[in-house]
Amino acid sequence: MTRARLILLNAALGPLDYRVPQGMTIEPGQIVVAPLGPRPMVGVVWDEESFPDVPSVGDNRLRPLMGMLDAPPLPASLRRLIEWTADYYLAPHAAVLRMALASMSALEGGKTVIEYRQSGVLPERMTPQRLQALERIGERQGLVRELAAIGGVTDAVIRGLVKQGVLEAVEVSTDLPFPEPDPDHAQVDLSDEQQAAADRLVALVAQRGFQAVLLDGVTGSGKTEVYFEAIAQALKQGSQVLVLLPEIALTEPFLDRFAARFGHVPVAWHSGLKQSDRRRAWRAISRGEARVVVGARSALFLPYAKLGLIVVDEAHETSFKQEEGVRYHARDVAVMRGLMEEIPVVLASATPAIETRHQVELGRYEEIKLPARYGGAELPEIVGIDLTQDPPDRGRWLAPPLVAAMRETLERSEQSLLFLNRRGYAPLTLCRHCGYRFQCPNCSAWMVEHRLTRRLACHHCGHAVATPDACPECKEPDALVACGPGVERIADEVKALFPEARTAIVTSDTLWSPARAAAFVRDVAGGAVDIIIGTQLVTKGYHFPELTLVGVIDADLGLDGGDLRAAERTFQQITQVSGRAGRGEKPGRVFIQTRAPGVPVMQALLNGDEAAFYAAETASRRAANAPPFGRFAAIIVSDTDAALAQETARRIGKAAPHQEGLDVYGPAEAPLAVLRGRHRWRLLVHARRAVDLQAIMRNWLSSIDWKASTRVGVDVDPYSFV
């Protein structure tokens, strides 16, 4: 090749042509360095036929490439996936490519780095900062900045400990090989139903062809053990496996289960990894040496050398939808990657999404069902509590029947779980004297009180302030009132009711890392916790045999807001959290507190009639031409200047295309009108399935110019409508 077309890591640019210097041999997928103005930039050599509409630049105007990086070329299947994702989600190719090149240091070739760990020597002078750093670091090892972040101190504190010999240097190779999992390490006794399901998945992996499979099993049916057998088959064939999990907090428990089955933990990939671990994992993945990778949705775009199986666990989870940057859905992109790699994709779930069920009905996905729990365990008994007829005591949130059930559970030395999908102590704090409400200065949202940390925080932008002792408006002391419950308030009520009970609050505030999640699992499994109070983080993936009671505090909470998936999400969440009860030999009970026991979703939950609920929900979607029968796309316009955001949104609305089968609603001010200091407007596009939505929107938006300060984002198949 004498010339090359590149995608550079600059989302504002399209494909660019460069000259290949004499003596340099390149191929599509090669990662190179090219000049862009006065500075070098990383890019990937792309197939020229992928952009037939981009005119070629004359040879006399081409600038030469500066060099190649020491990394394997991106496979053709991954390049096709990047193209598809950019086209379907209307995102720049460079933005999608950046997810594949997620560790820039991994492109620099083999090297070592200096990390630090405690040497056992004590500092000459122990300051509070040094004590805090050493306690938090413990046995961990890392770079200076990583240890500073772990210790909650500045880099200077860590460097001072290094200088005194308290922390010793360790040279670490960034390319140490990962141990290989052994497919025959431990055999598991499967039930006849599990064995039949496992045999089918093993056969699909052995065939080495594409097939999307829905592994639909009730909570506690052993879906993980079943797809472990498919992983074992892929390992025997010399292939790589990717397992996607919806939450970083689920990673550590999964690693333990995996190690028990295969002898070694898989390679983890998530935002909590150290830079050196991230680099090592990327290089091992690209060389085919990382045999099994478990990670968050971003692991989907890594450059696997010989991928043979993809598993999407808890495939119904909405956290697989990326809400910023490239707004993709990892479940759907996983299926497309399986198609392009020609490998099977397993979607495992106890409550599959309607979109997935529809694909089964069309015959595009195969369905494997596990209708019973493993080992003879029974599904829990469901009990409804009508809060209009049996309300909690004044100033309380737990109804008397639930309190009585918790007391019985404690007397039997069994564990309880209370579920409320609301972090913090209270969603709103106001002044009883003047009515002042604490609102985020950057967003049109109320500040949430977190009493454990004595702060008020915005759950949208992260802004936080210390909780004041007096009202900022009228200066009245002791006048602030917490309105409504969060999990911290429920925990306080539990402490008042059962002062001897040992409790654990489980939210993203308390389980912010896999290590914290692992400690929580150890405490519960070891019997050190009597009552768990948690958000949606506890609804999936955990198996505690002594947990026999689940209480859903406010089952109606998720039904507000007009989201088309509200009833489905509520059904999924409550079914999932109900599934934590009675997973061992002891029977389980679930108490659902609701003010609307007659609505269809509550009736389905109380009667255990999943089929009727999904049939009715699917019929209503079909009547409204809503997904999966129709399509939505959102256009989000934002600017720090409110007038400019509104004016741009109106210009986009006026230019909206008029076509049969396509409707455009708006523009309207977004429900969350200000986010991180930016004023927001939204348009919603509703189209029939047959309409080429992407082509229409691409032509529509390319015909309009807007100021550099204005951001116009497109969300195809949106899950958030705020």
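This passage describes the overall dimensions of a protein chain, two of its sheets, and several of its helices and strands, as they appear in a predicted model.

The protein chain comprises 19 helices and 29 strands. For a chain of 722 residues, a compact globule would be expected to have a radius of gyration near 27 Å, and the value computed for the protein chain, 27 Å, agrees with this expectation. Taken along the principal axes, the box filled by the C-alpha atoms of the chain is roughly 85 × 70 × 65 Å. Of the 722 residues, 53% count as buried, while the chain exposes about 31,300 Å², of which carbon and sulfur atoms supply 50%. Among the contacts with a separation of 6 or more, 76% are accounted for by residues 24 or more positions apart in the protein chain.

Towards the start of the numbering, five strands form an open sheet with antiparallel pairing, in the order 2-1-4-3-5. Strand 2 (16-19) and strand 5 (67-68) stand at the edges of this sheet, and because each has a single partner strand, one side of each is left without a neighbour in the sheet. The partner of strand 5 is strand 3 (residues 31-36), with which strand 5 pairs in the antiparallel sense over two bridges; within this pairing, G67 of strand 5 is the bridge partner of V33. Helix 2 (residues 93-100) packs on the sheet, where it touches strand 1 (3-8) and strand 4 (39-46), and the direction of helix 2 makes about 85° with that of strand 1.

A residue of helix 1 can be described in similar detail. E83 lies in this helix, which spans residues 76-88, and since its relative accessible area of 16% falls under the 20% limit, E83 counts as buried. The side chain of E83 is joined to that of R80 by a polar contact of 2.8 Å. When residues up to four places away in sequence are not counted, E83 touches W46, S50 and H93.

A second open sheet consists of seven strands in the order 10-11-9-12-13-8-14, and its pairing is parallel. The edge strands here are strand 10 (267-269) and strand 14, each of which pairs on one side only. With direction ignored, neighbouring strands of this sheet are turned by 20° against each other on average. Strand 12 (residues 307-313) and strand 13 are paired in the parallel sense over four bridges, and D313 stands opposite A348 in strand 13. Helix 10 packs on the sheet and touches strand 8, strand 9 (240-244), strand 12, strand 13 and strand 14, its direction making about 165° with that of strand 12. Helix 11 likewise packs on the sheet, touching strand 8, strand 13 and strand 14, and the direction of helix 11 makes about 110° with that of strand 14.

The surroundings of helix 11 (residues 354-361) extend beyond the sheet. Seven of the eight residues of this helix are buried, so helix 11 is largely enclosed by the rest of the structure. The buried residues are I354, E355, T356, R357, H358, Q359 and V360. These buried residues pack against strand 8 (211-217), strand 13 (344-349) and strand 14 (365-370), and also against three helices, namely helix 10 (330-341), helix 15 (566-578) and helix 17 (610-623). Just after helix 11, G363 takes a positive phi of about 85°.

Strand 28 (residues 678-688) is also largely enclosed by the rest of the structure, because eight of its eleven residues are buried. Strand 26 (residues 630-639) runs antiparallel to strand 28 and is joined to it by ten bridges, with I636 standing opposite R682 of strand 28. Strand 27 (residues 662-675) likewise pairs with strand 28 in the antiparallel sense, over eight bridges, and L675 stands opposite R678 in strand 28. Strands 27 and 28 form a hairpin with two residues between them, and R676, which lies in the turn, has a positive phi of about 55°.

How values were computed: Residues are numbered from 1 along each chain as its sequence is written. This is a predicted model: local features need pLDDT of at least 70, side-chain atom pairs count only at pLDDT 80 or more; totals for chains, interfaces and linings use all residues. Side-chain values use heavy atoms; hydrogens and water are left out. Two strands pair if DSSP finds at least two bridges between them. Contact means heavy atoms within 4.5 Å. Axes are lines fitted to C-alpha atoms, for helices over the stretch in contact, and angles run from 0 to 180 degrees between N-to-C directions. The radius of gyration is taken over C-alpha atoms; the globule rule is 2.2 Å times the number of residues to the power 0.38. Buried means under 20% relative accessible area, exposed over 50%, partly exposed in between (1.4 Å probe, protein chains only). Accessible areas come from the Shrake-Rupley method with a 1.4 Å probe; for residues, only the protein chains shown count as cover. A polar contact is a pair of N or O atoms within 3.5 Å; within protein, one must be able to donate a hydrogen and the other to accept it, and residues adjacent in sequence count only if both atoms are side-chain atoms.
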